[in-house]
Amino acid sequence: MAASTAVTHGASYLLPSPTALAVSSRRLSSFPPSKRLHLSYLRRRVNAPSPRRVVVRAARTESSGVKLGVRAPNFELPEPLTGNLWNLEDFELYPSLLVMFICNHCPFVIHLKKDIVKLCNFYMEKGLAVVAISSNSVVTHPQDGPEFMAEDAKAFKYPFPYLYDESQEVAREFGAVCTPEFFLYKKDGRRPFELVYHGQFDDSRPSNNIPVTGRDLSLAIDLALSCQPIPSNQKPSVGCSIKWHPETES
């Protein structure tokens, strides 16, 4: 299993000390101003107390509602670990792109995290581009904020950029609803990336005792990289619902 003791009472958190920051001011200064992530602002957003009572609605959710063949939405998001900004054009030279919506705390993500890294390391050497995005609200889940994302990316040695979608607009553009959620895009020559797989990693879940193999996603990637058609009968990914910014009550 990818993680066992990490899943406890349905949740687990990787909480570094307040001074454990993966992005130092010296590293940030190496990037031009247009490519820097202003972490001081993000810290204020994560640590700021909420002046009103928030109403949180969450549920176990399946990925659905996105049609195969749609183009990949454009995005421009910061990477807390390095301070870089990334957008869709950064991956234009690759034949296929895997976009994953994940987060730090979700038991479904924790269950797969080490195997996601293994799978991505393997296929990135074969030409696959990969990017991960966290869109959870830090109002309700501060452990998914940018500083902790940087710690997670460093601890698990993510070979892909792990980006922060503070506004949640990118998640809505993709149609993402849960973590983990996988969007595999393929391009034909100079044509834009088009969605060819929107399904599960495999049949394993935190409590069903099925070994993690990555079989479903691996098969889709193999077919995409070899320019073969991918079957449309795809099992949806199952996970925690994305934690949308809460409604507020005075």
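The legends below describe close-up views of one sheet and the helices packed on it in a predicted model.

**View 1. The open sheet and its edges.** Five strands make up an open sheet, which follows the order S7-S6-S5-S9-S10 and has mixed pairing. Strand S7 (162-164) and strand S10 (194-197) are the edge strands, each of them pairing on one side only. On average, neighbouring strands of this sheet are turned by 30° against each other when direction is ignored. Strands of a sheet pair through backbone hydrogen bonds, and this pairing can be either parallel or antiparallel.

**View 2. Strand S5 and its two partners.** Strand S5 (residues 96-101) pairs in the parallel sense with strand S6 (residues 128-134) over 6 bridges, and S5 pairs with S9 in the antiparallel sense, also over 6 bridges. Methionine 100 can be followed to both sides, since it stands opposite alanine 132 in S6 and has phenylalanine 182 as its bridge partner in S9.

**View 3. Strand S9 beside S10.** Strands S9 and S10 run antiparallel and are joined by 3 bridges, with leucine 184 standing opposite tyrosine 197 in S10. Of the 6 residues of S9, 5 are buried, that is, under 20% relative accessible area, so S9 is largely enclosed by the rest of the structure.

**View 4. Helices packed on the sheet.** Helix H4 (residues 146-155) packs on the sheet and touches S6 and S7, its direction making about 175° with that of S7. Helix H6 (residues 215-225) also packs on the sheet, where it touches S5, S6, strand S9 (181-186) and S10, and its direction makes about 10° with that of S9.

Conventions:
Residues are numbered from 1 along each chain as its sequence is written. This is a predicted model: local features need pLDDT of at least 70, side-chain atom pairs count only at pLDDT 80 or more; totals for chains, interfaces and linings use all residues. Side-chain values use heavy atoms; hydrogens and water are left out. Two strands pair if DSSP finds at least two bridges between them. Helices (H or I, at least four residues) and strands (E, at least two) are DSSP runs, numbered from the N terminus. Axes are lines fitted to C-alpha atoms, for helices over the stretch in contact, and angles run from 0 to 180 degrees between N-to-C directions. Contact means heavy atoms within 4.5 Å. Buried means under 20% relative accessible area, exposed over 50%, partly exposed in between (1.4 Å probe, protein chains only).
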